[in-house]
Amino acid sequence: MPAALEPVEQEDIALEVNGERVEHRVPVRRLLADFLRDDLGLTGTHLGCEHGVCGACTVVMDGAAVRSCLILAVQADGRHVSTVEGLAPAGSLSDLQEAFRACHALQCGFCTPGFLMTLHAEDPAEWQGEDRIRELLSGNLCRCTGYSTIVDAVKAAWASDSPAASSGKGGA
Ligand code: FES
Ligand code: FES
């Protein structure tokens, strides 16, 4: 009779995070959000609900916005992950971050990284107009702003004469 398989508790993963290769041994049950925050120190990714509702934990994986509270770190093995820390060089802001600041699109700021990463994954050309922008942002919850200023910021950053709009995806 074959011996019972021992459960695997840790696994080695290698991925790219914000353009840098990362190799790490992680518990197989570690969430991607916890891996980013606790193992890599990238605390810009926030945890609100921890069950896929609020969007605060949104990161971009292989070009798509994903909830990092619903993904295991081992599932990111071999992938490319972007977090809010990777949007702009240290000490500067991206076009969209600048627009959030200029339009007062945040108060406490807890939700903001999730909004930015959701927007970063998208092609502005496909989300023109207030209704479409509100539809895009419907998966991210903000308790402070009432959304109007966030929509204003997105419209400003994605306006046709903005470098963000002409640079293809995101502009975040
Ligand atoms: S913490 Fe992941 S969606 Fe809320
Ligand atoms: S700015 Fe406070 S929750 Fe969005």
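The following paragraphs describe the overall fold, the nonpolar cores, the first helix and the largest pocket of a predicted model.

In this predicted model, the protein chain contains six helices and five strands, and, when these elements are read along the sequence, they follow the pattern β-β-α-β-β-β-α-α-α-α-α. The C-alpha atoms, taken along the principal axes, fill a box of roughly 70 × 30 × 30 Å. Of the 172 residues in the chain, 41% are buried, and the accessible surface of the chain comes to about 9100 Å², with carbon and sulfur atoms accounting for 50% of that area. Among the contacts whose separation is 6 or more, 54% are made by residues that lie 24 or more positions apart.

The largest nonpolar core consists of 24 residues, and those that touch the most other members are Phe100, Phe115, Leu119, Leu137, Ile150, Val154 and Trp158. Two or more residues are given to this core by each of helix 2 (95-102), helix 3 (112-120), helix 4 (130-136) and helix 5 (148-158), with helix 5 giving the most, namely six residues. The surroundings of Phe100 can be described in further detail: when residues up to four places away in sequence are not counted, Phe100 touches Ala105, Leu106, Thr112, Phe115, Leu116, Leu119, Ile150, Ala153 and Val154. A second core, separate from the one just described, has 17 residues, including Val17, Leu32, Leu36 and Val66.

Two of the residues named in this second core, Leu32 and Leu36, also appear among the buried residues of helix 1, which spans residues 32-39 and whose buried residues are Leu32, Ala33, Phe35 and Leu36. These buried residues are covered by elements that include strand 1 (10-17), strand 2 (20-27), strand 3 (58-61) and strand 5 (80-82). After helix 1 comes Gly41, a residue whose phi is positive, near 75°.

Turning to the pockets, the largest has a volume of about 190 Å³. The lining of this pocket is formed by Gly48, Cys49, Cys54, Ala56, Cys108, Phe110, Cys111, Leu141, Cys142, Arg143 and Cys144, and these lining residues divide into nine nonpolar, one polar and one charged. Because Gly is counted as polar and Arg as charged, the polar member of the lining is Gly48 and the charged member is Arg143.

Key. Residues are numbered from 1 along each chain as its sequence is written. Chains are lettered from A and ligands numbered from 1 in the order in which they are written. This is a predicted model: local features need pLDDT of at least 70, side-chain atom pairs count only at pLDDT 80 or more; totals for chains, interfaces and linings use all residues. Side-chain values use heavy atoms; hydrogens and water are left out. A nonpolar core is a set of buried Ala, Val, Leu, Ile, Met, Phe, Trp, Tyr and Cys residues joined through side-chain atoms within 4.5 Å. Buried means under 20% relative accessible area, exposed over 50%, partly exposed in between (1.4 Å probe, protein chains only). Helices (H or I, at least four residues) and strands (E, at least two) are DSSP runs, numbered from the N terminus. Contact means heavy atoms within 4.5 Å. On a 1 Å grid over the protein atoms alone, a cavity is a set of points where a 1.4 Å probe fits but cannot get out, and a pocket is an open set with protein on both sides within 12 Å along at least five of seven lines; lining residues have an atom within 4 Å of a point. Grid points are joined across faces, edges and corners, and a volume is the space filled by probe spheres set on the points. Accessible areas come from the Shrake-Rupley method with a 1.4 Å probe; for residues, only the protein chains shown count as cover.
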